[in-house]
Amino acid sequence: MYDFDIAAGSKAELYRELAGALDALTAEEPDAIANMANAAALIWQYLPDLNWAGFYRNVGDELVLGPFQGKAACIRIAFGSGVCGTAAQTRATQLVDDVHAFPGHIACDAASASELVVPIVHDGRLIGVLDLDSPKVAHFDAEDAAGCEALMAILAARIAD
Ligand code: SME
């Protein structure tokens with residue numbers, strides 16, 4: 001197992017340290033599933049108050065469940081459907097303070113109250129999305145969105161087949 005000494009004082013520092021750890025973990029590994037699995041584990045371990053963290057992959061213009069941490073989840077999500085499908089279709093990060101107020105939200109885990117979904121794009125191609133769920137309302141903020149976008153910028157090339 002890999003142990004990273006991440007004890008950040010601020011959120012910005014936490015994301016900087018996470019980016020370093022993710023970079024180190026995935027730099028030499030060409031296998032996309034292995035890299036997504038370690039990214040999900042890293043995020044799950046170090047970001048506070050999550051009840052789900054993981055990936056949906058773009059398989060033939062449909063989102064299919066990828067490596068994750070948390071409860072078993074819905075397997076296939078159409079582009080445009082729910083928070084993940086909206087992120088996939090628009091290629092824009094979705095920061096949702098209250099999932100119950102999001103039209104078409106797909107409730108995989110009843111504990112989820114807020115959600116952050118970041119599209120992962122490489123060479124103009126949508127590879128998939130990172131999906132984070134929290135049991136706390138309005139848990140994620142713009143710093144989380146920017147931090148996770150930076151993490152996905154590192155990961156994108158390393159999970160593109
Ligand atoms: N809530 C998501 C579905 C995926 S689960 O949260 C793991 C959505 O609305 O797209």
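Which polar backbone atom is 3.0 Å from an oxygen atom of the ligand? The backbone atom belongs to valine 83. This is a predicted model, in which local features need pLDDT of at least 70 and side-chain atom pairs count only at pLDDT 80 or more, while totals for chains, interfaces and linings use all residues. Residues are numbered from 1 along each chain as its sequence is written, and side-chain values use heavy atoms, with hydrogens and water left out.

**Polar contacts of the ligand**
- Polar contacts here are pairs of N or O atoms within 3.5 Å.
- A side-chain N or O atom of glutamate 115 lies 3.1 Å from a nitrogen atom of the ligand.
- For histidine 105, a polar side-chain atom is 3.4 Å from a ligand nitrogen atom.
- On its own the ligand has 300 Å² of accessible area (Shrake-Rupley method, 1.4 Å probe), and the protein covers 99% of this area.

**Shell around the ligand**
- The ligand is surrounded by 13 residues (a heavy atom within 4 Å), of which Val83, Cys84, Ile106, Glu115 and Asp133 come nearest.
- By class, 8 are nonpolar, 2 polar and 3 charged; Cys counts as nonpolar and Gly as polar in this scheme.
- Two or more residues each come from β1 (52–58), α3 (82–90) and β6 (125–134).
- Helix α3 gives the largest share, 3 residues.

**Chain**
- The chain contains 4 helices and 6 strands (DSSP runs of H or I, at least four residues, and of E, at least two).
- Their order along the sequence is α-α-β-β-β-α-β-β-β-α.
- The radius of gyration over C-alpha atoms is 14 Å, which agrees with the value near 15 Å for a compact globule of 161 residues (2.2 Å times the number of residues to the power 0.38).
- The C-alpha trace spans about 40 × 35 × 25 Å along its principal axes.

Technical notes: A polar contact is a pair of N or O atoms within 3.5 Å; within protein, one must be able to donate a hydrogen and the other to accept it, and residues adjacent in sequence count only if both atoms are side-chain atoms.
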